[in-house]
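Me: I would like a close look at one part of this protein. Please keep it brisk and tie the pieces together.

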Amino acid sequence: SLVVLFGATAGAYGAKLGSDERELILLVWQVVDLHSKKVGTLHKSLVKADNLDLSDQCREVSGLTPEGLGKAEPLDRVLQQFSQLVSSDLKVLGRSSYTLCSDGQLLIRQVLHPETSKKNFLLSDCFYSFYDLRKEFHTCYPGSAAVKDQTIKTMAEYLGLGTDEAEEDFGVWQVKTMVAIVFSMLSEGCNHVFTEPETVKYKYETGPCLLQLHFFFFFLCSSKSETVDSETVIRARGLPWQSSDQDIARFFKGLNIAKGGVALCLNSQGRRNGEALVRFVNSEQRDLALERHKHHMGSRYIEVYKATGEEFLKIAGGTSNEVAQFLSKENQVIIRMRGLPFTATQEDVLGFLGPECPVTGGKEGLLFVKYPDGRPTGDAFVLFSCEEYAQSALKKHKEILGKRYIELFRSTAAEVQQVVLNRYMSTPLIPTLPTPIIPVIPPPYTIATGSIRDCVRLRGLPYTAGIDDILEFMGDATGDIKPHGVHMVLNQQGRPSGDAFIQMKSADKAFMVAQKCHKKMMKDRYVEVFQCSGEEMNFVLMGGTLNRSGLSPPPCKLPCLSPPAYAAFQTAAVIPAEAAALYQPQALLPTTRTPQASAAAPPAVTYYPAQAAQLYMNYTAYYPSPPVSPTTVGYIAAPPGAVAAAATATHTPILPQPGALVRMQGLPYNTGMKEILSFFQGYQYAPDDYNGLIQLSDQARSVLQAPKEWVCL
């Protein structure tokens, strides 16, 4: 038997059903006995959505109203009634099993599965298998329109059936017409047989995909490079830093992801960068995934874009025999351990986990991460055969091994590949914009410093917002902005971060703007506005938190410095003074529009900053490695801008000789120079380096100076 099913949401209709994340408001269904060609009772059920605000299209097409929907049952109750009524109709027809049949894929994959996943209740098994009437129709009538162009109306017209929708209620006509189409396909001239239903995977299959397992074989034996169909891969961006592969699979609930097809991307520092590459089983699933662009995961919206198979292979593929063997065991849960003593052995790790957390294969289920010279990094990956053992292991998070506490996190096969194989690449697997945090700024343009609160921070800007939008947003206060005082903040990819800093002419003006514009709407988003000082502005760029509750220190300001065996600093891009003098304000960018005045127009003011003064948010610090996003690389280069600023302030080398620097981490926030010198009592310091430990300009100090970390010569 078939259960012909039709549904509608409070938003888009037709080809865009489910693309706007709106909730289901209508279900209509009817049981069809394919053998006796009899039908059960036609049922129509309204669904009470959490948000009863209906789109104009929904009101026009369906004729439903918020008042009528307010009296309906919620979705979970409607689905219970659906199961009961279908079972009752099947008994009347003398049948016991059935399969759903819907008009296309969208109702099942893009509406029901995502919505029930967000509302945390399970769909019954019948929703994991269904027939796509459009595909079945095209199979039965090859001369009809392409599947993607089919609708209930076009199929009915092809068969010469009545197409007057006004005769029936919305939803009722659709189901009756679908039943008539099914009967036409069952007629003697066609004798269509429904044999291969569409399936929805119950859960995402973790572990290495076949590409990961075979990549090494092809690499050694035939020098061929494995290929991935680029029509099956997407890039998800804006993911919460704590999200796992299972969280991403849940975001795409209803769509079939290939086994091991979620690859969380890491940056060159080994931290998750908020992006993932996802590989689906076919291009049709990928196209449906693209329709979830800007759908929400929790409170954050996720951007979904096309990606290439080559990008996926860079993240998920590997050529290490050691890694391939480790990942060859299927259906394993991977846990990452961080902070292991450098002397820790396999026996130590197994003893730490204990008999209640048996590791798959014993020592073979452990993979230690090492530096290129063979030294241990303190990281390891562990395999467990089931979720229960993995949960027991995670309970040991921050327990002590030797004299160190050990951190344990969930991990993925793709992360193992990236960490073990690419942990010391000088560039990330997916290229990012190599920019300094605060570039060298040619005179006379300087980023504000000091404690005077004459700046404001705008947070939550639309990513499409430009400086003109900001000026319009600020209204009359635009005239109080300093020339070249609007600073857009970009992320490491050179894209807008949603932040901007504006230098006002006085602290009073900044206060008035913060009071007047806080949570004012710009386009479709409200923008938060906070008063701050230049010092606080630099503080936030380095990862501190500024809101109405005050200022919180950044979690990490100073990157680790390389030991003598590795490159310590990169060459800073410094703009020569003579070249900088050529860049006059009028030559940088055209003058922007200013608000109209009632009297004579004021002189044109350039609000854009100098081209070299573009700010880049230090996302390595601003979004530090969270508990589930461990740091893997301990040796990274210092920011070029910081090195340039430090070099400008002193004519002596920062590193007087190889190995002359030590880094102190984990200091109390109130630690001063006196306590540090006392700590190193008995050791010889570099001469004349007691004043600040490293001589820095004010600008470089705002980048490098940190309350918990010092660099000592």
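How many bridges join strand β18 to β22, and do they run parallel or antiparallel?

Reply: This is a predicted model. Strand β18 covers residues 455-459, and 5 bridges join it to β22. The two strands run antiparallel. One bridge pair can be named: valine 456 in β18 has glutamine 531 in β22 as its partner.

Now take β22 itself. This strand spans residues 525-532. It is mostly covered, with 6 of its 8 residues buried. For scale, 50% of the 713 residues in the protein chain count as buried.

β22 also pairs with β21, residues 520-522. Here 3 bridges join the strands, and the sense is again antiparallel. Methionine 521 has its bridge partner in β22, at tyrosine 526. β21 and β22 form a hairpin with 2 residues between the strands. In that hairpin, lysine 523 takes a positive phi near 60°.

Lysine 523 leads to two further lysines with positive phi. Lysine 398 has a phi of about 70°, although it is not a glycine. Its place is the loop between α14 and β16. Lysine 398 counts as partly exposed because its relative accessibility is 46%, and the partly exposed class lies between 20% and 50%. Lysine 37 has a phi near 55°, also positive in a residue other than glycine. This one sits in the loop between β2 (24-33) and β3 (38-39). Its relative accessibility is 41%, so lysine 37 is partly exposed too.

The loop of lysine 398 opens onto another sheet, since it ends at β16. That sheet is open and has 5 strands, in the order β14-β15-β13-β17-β16. Its pairing is antiparallel. The edges are β14 (366-370) and β16 (399-401), and each pairs on one side only. On average, neighbouring strands are turned by 35° against each other, direction ignored.

At the β16 edge, the pairing partner is β17, residues 404-410. These two strands are antiparallel over 3 bridges. Glutamate 399 stands opposite isoleucine 406 of β17.

Two helices lie across this sheet. Helix α13 (residues 346-353) lies across β13, β14, β15, β16 and β17. It runs at about 125° to β14. Helix α14 (residues 387-394) lies across β13, β15 and β17. It runs at about 145° to β17. Lysine 398 follows in the loop between α14 and β16.

One more strand residue adds side-chain detail. Glutamate 198 belongs to strand β7, residues 198-199. It counts as buried because its relative accessibility is 17%, and the cut-off for buried is under 20%. The glutamate 198 side chain makes a polar contact of 3.3 Å with the side chain of glutamine 105. It makes another polar contact, of 3.1 Å, with the side chain of lysine 135. Residues that glutamate 198 touches also include Arg109, Tyr128 and Phe130.

Finally, the setting. The protein chain has 24 helices and 27 strands. Among contacts with a separation of 6 or more, 73% join residues 24 or more positions apart. The chain exposes about 33,700 Å², and carbon and sulfur atoms supply 53% of that area.

Conventions:
Residues are numbered from 1 along each chain as its sequence is written. This is a predicted model: local features need pLDDT of at least 70, side-chain atom pairs count only at pLDDT 80 or more; totals for chains, interfaces and linings use all residues. Side-chain values use heavy atoms; hydrogens and water are left out. Two strands pair if DSSP finds at least two bridges between them. Helices (H or I, at least four residues) and strands (E, at least two) are DSSP runs, numbered from the N terminus. Axes are lines fitted to C-alpha atoms, for helices over the stretch in contact, and angles run from 0 to 180 degrees between N-to-C directions. Contact means heavy atoms within 4.5 Å. Buried means under 20% relative accessible area, exposed over 50%, partly exposed in between (1.4 Å probe, protein chains only). Accessible areas come from the Shrake-Rupley method with a 1.4 Å probe; for residues, only the protein chains shown count as cover. A polar contact is a pair of N or O atoms within 3.5 Å; within protein, one must be able to donate a hydrogen and the other to accept it, and residues adjacent in sequence count only if both atoms are side-chain atoms. Lists of a residue's contacts leave out its neighbours within four places in sequence.
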